[in-house]
Structures are given as C-alpha cells and as structure tokens.
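User: I would like to learn how to read a protein model step by step. Could the discussion proceed through short questions with reasoned answers?

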Amino acid sequence: MKEIVWIAGVTGLALGVVGLAVGPGHDTMTFVSPPEVVAEEFVRSLATGRYDRAARHLDDADGADAMLTAEGTSLRERAGAVSQVEGEAGSIGCDAATASTRITTSDAGELEWRFSLVRRTGTWKIQDWSAVD
C-alpha cells in the first residue's frame with residue numbers, strides 16, 4: 001500500500017512540475033512543435049503543392065491562397081524536385097522566434113529560407129519568411 005501512495009505522490013509531483021513549466025513558465029516547445037519543425041513542415045507543404053496545409057502554419061492566412069500557390073510554383077520551377085528539408089533552430093523568446101530551413105533540390109542544389117515566427121494561442125505561426133541568396 002505504501003508503494004502505491006509513493007508512486008501516486010511522485011506522479012502528482014511530476015505532473016505539477018510539467019504544469020508549471022507549460023502554464024506560468026510559458027513553455028515554447030514541450031507540447032507544441034518547435035519553430036524549426038513548423039518551418040520545415042511549411043516548406044514541405046509548399047514543395048508538394050499542399051497549400052491548405054501550408055496555410056495552417058501562417059500567422060495570417062486570410063487571402064494567402066494565391067500567394068502560397070505562387071510561392072510553391074516558383075520554388076518547384078526554380079529548384080526542381082525537393083529531396084530534403086531540414087529545419088534549423090534560431091532564437092526563441094517568450095512569444096517570438098526565428099528559424100531557418102535548408103532545402104536540398106534537384107536543380108538548384110541547396111537553398112536556405114529564414115523565418116520569423118510568433119506564438120499564438122500556444123503554437124508557433126510563421127509571420128514572415130525570405131529566401132537567402
């Protein structure tokens with residue numbers, strides 16, 4: 001019986017620590033995708049023409065359909081097939097972050113894009129991005 005009480009106590013303590021980290025501690029990566037993963041998923045969605053999925057990663061997706069279609073088409077025309085996308089962490093603050101992606105392509109070789117992200121309702125959203133020449 002003592003063992004069950006001890007296990008319940010340790011479990012409760014662990015859950016309390018996690019709760020404090022996520023809530024008042026403004027956790028930015030425990031239960032949400034980190035910024036570099038959001039950027040990586042965004043680029044993959046653009047490269048495969050899944051603009052609805054790419055739009056989910058934008059801070060302001062209203063009216064972004066035409067822009068995402070143009071960006072994805074431009075990427076594929078310029079770079080050819082995308083074989084690999086690797087997200088790289090940048091800086092992370094409480095509600096703002098940066099990240100970048102290295103995109104390996106068949107025609108253009110390796111490309112790099114940089115992203116600015118903001119945290120909205122607990123998830124990272126892309127506010128802006130640009131290609132690095």
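The questions below concern this predicted model.

User: Into which domains is the chain divided, and what distance separates their centres?

Analyst: The chain is divided into domain 1, residues 1-27, and domain 2, residues 32-132. The centres of domain 1 and domain 2 are taken over C-alpha atoms. The separation obtained in this way is 36 Å.

User: How does the reach of helix H2 relate to the span expected at 1.5 Å a residue?

Analyst: Helix H2 covers residues 35-47 and so has 13 residues, where the expected span is 1.5 Å times one less than the number of residues. From its first C-alpha to its last, H2 reaches a distance close to that expectation. Both the reach and the expected value are given as 18 Å.

User: Is H2 largely enclosed or largely open, and how many of its residues are buried?

Analyst: A residue counts as buried when its relative accessible area is under 20%. The buried residues of H2 include Pro35, Val38, Phe42 and Leu46. H2 is largely enclosed by the rest of the structure, because the buried residues number 10 of the 13.

User: Which elements are included in what covers the buried residues of H2?

Analyst: Two helices are included in the cover, namely H3 (51-55) and H4 (65-79). Strands are included as well: S1 (82-92), S2 (96-105), S3 (110-120) and S4 (123-132). The elements to name are therefore H3, H4, S1, S2, S3 and S4.

User: How are H2 and H4 oriented to each other?

Analyst: The axes of H2 and H4 come within 8 Å and cross at roughly 80°. Angles of 65 to 115 degrees count as roughly perpendicular. H2 and H4 are therefore roughly perpendicular to each other.

User: Which residues of H2 and H4 make the contact between these helices?

Analyst: Contact here means heavy atoms within 4.5 Å. On the side of H4, the contact is made by Leu68, Glu71, Gly72, Leu75 and Arg76. On the side of H2, the residues are Phe42, Leu46 and Ala47.

User: The structure holds 3 aromatic pairs; what kind of pair do Phe42 and Phe115 form?

Analyst: The ring centres of Phe42 and Phe115 are 6.0 Å apart, and the planes stand at 85°. Planes over 60 degrees apart count as edge-to-face. The pair formed by Phe42 and Phe115 is therefore edge-to-face.

User: How many residues apart are Phe42 and Phe115, and which elements hold them?

Analyst: Phe42 belongs to helix H2, whereas Phe115 belongs to strand S3. Both residues are buried. The pair links distant parts of the chain, and its members are 73 residues apart.

User: What kind of pair do Trp113 and Phe115 form?

Analyst: The rings of Trp113 and Phe115 have centres 6.5 Å apart and planes at 50°. Trp113 is buried, with a relative accessible area of 3%, and Phe115 is buried with a value of 3%. Since the plane angle is neither under 30 degrees nor over 60, the pair is tilted.

User: Which residues form one aromatic cluster?

Analyst: The pairs just described involve Phe42 and Phe115 and also Trp113 and Phe115. The cluster contains these residues together with one further tryptophan, Trp129. Its members are Phe42, Trp113, Phe115 and Trp129.

User: Is Ser100 buried or exposed?

Analyst: Ser100 lies in strand S2. Not counting residues up to four places away in sequence, Ser100 touches several residues, among them Glu86, Trp113 and Phe115. With a relative accessible area of 9%, Ser100 is buried.

User: What is the relative accessible area of Thr121, and where is Thr121 found?

Analyst: Thr121 has a phi near 45°, a positive value in a residue other than glycine. Most residues other than glycine have a negative phi. Thr121 is found in the loop between S3 and S4. The residue is exposed, with a relative accessible area of 84%.

User: Which residues does Met67 touch, not counting those up to four places away in sequence?

Analyst: Met67 lies in helix H4 and is partly exposed, with a relative accessible area of 37%. Its C-alpha lies 11 Å from that of Leu46, which is 21 residues apart from it in sequence. The residues touched by Met67 are Leu58 and Trp129.

Key:
Residues are numbered from 1 along each chain as its sequence is written. This is a predicted model: local features need pLDDT of at least 70, side-chain atom pairs count only at pLDDT 80 or more; totals for chains, interfaces and linings use all residues. Side-chain values use heavy atoms; hydrogens and water are left out. Domain bounds come from an automatic or database domain assignment. Helices (H or I, at least four residues) and strands (E, at least two) are DSSP runs, numbered from the N terminus. Buried means under 20% relative accessible area, exposed over 50%, partly exposed in between (1.4 Å probe, protein chains only). Axes are lines fitted to C-alpha atoms, for helices over the stretch in contact, and angles run from 0 to 180 degrees between N-to-C directions. Angles under 35 degrees count as roughly parallel, over 145 as roughly antiparallel, 65 to 115 as roughly perpendicular and the rest as oblique.
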